[in-house]
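I opened this notebook page to record what I looked up, beginning with salt bridges and the exposure of their partners.

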Amino acid sequence: MRDEYFVPMNELIVSTKAETGYELPEDIEVYVSALLASFIDKPDFLPERSFAEAYSILDRRDYNNAKQLGDTCLFLSGVFPKYGKRYGLNKTYYRKIGSSSYDIASSMLQQQVLKRLARHFDFVSDYIHLSTKSKSNIRIINES
């Protein structure tokens, strides 16, 4: 992630809070801002295998791959919620894989933020969608 992307992404999250009244806990707000910033320069962010295959081969001791799959699912379900629709897959598919992946990662890393992301994956995904779809928020990115 390039540092100059973090501030505009954080401004997206903060402006969504102001527009909607919904808030994320500070640690999740920072995590989501960093997540969005890290995906800006990743045009090939999808797993090499299908999401189901990537999940099925997760080693319960390999928290990094589990966290990475969770991050990808959170980004995809938040920014591109209709992705996979033409294949009969909806955002619930990615949300379940992402939530479970974060749960695996949190059990190894003992990080509360990952545990909370696993538990509140749907809300955070919807929050990201609200943040990235708003035309007023897009203006923030273009001005930076």
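I took buried to mean under 20% relative accessible area, exposed over 50%, and partly exposed in between (1.4 Å probe, protein chains only). The model is predicted, so I noted that local features need pLDDT of at least 70, side-chain atom pairs count only at pLDDT 80 or more, and totals for chains, interfaces and linings use all residues. Residues are numbered from 1 along each chain as its sequence is written, and side-chain values use heavy atoms, with hydrogens and water left out.

Entry 1, salt bridges. I counted a salt bridge where a side-chain nitrogen of Lys or Arg is within 4 Å of a carboxyl oxygen of Asp or Glu. The structure holds five.

Entry 2, Asp-126 and Arg-95. I found these side chains joined by a salt bridge at 2.2 Å, N to O. The pair links distant parts of the chain, with Asp-126 in helix 7 (residues 121–133) and Arg-95 in helix 5 (residues 91–109), 31 residues apart. I read helices as DSSP runs (H or I, at least four residues), numbered from the N terminus. Asp-126 is partly exposed at 34% relative accessible area, whereas Arg-95 is buried at 8%. Salt bridges with shared partners join Arg-95, Asp-122 and Asp-126 into one network.

Entry 3, Asp-27 and Arg-116. I noted 3.1 Å between the closest N and O atoms of this salt bridge. Asp-27 lies in helix 2 and Arg-116 in helix 6 (residues 112–119), so the pair ties together parts 89 residues apart in sequence. Asp-27 is partly exposed at 30%, and Arg-116 is partly exposed at 25%.

Terms used
Helices (H or I, at least four residues) and strands (E, at least two) are DSSP runs, numbered from the N terminus.
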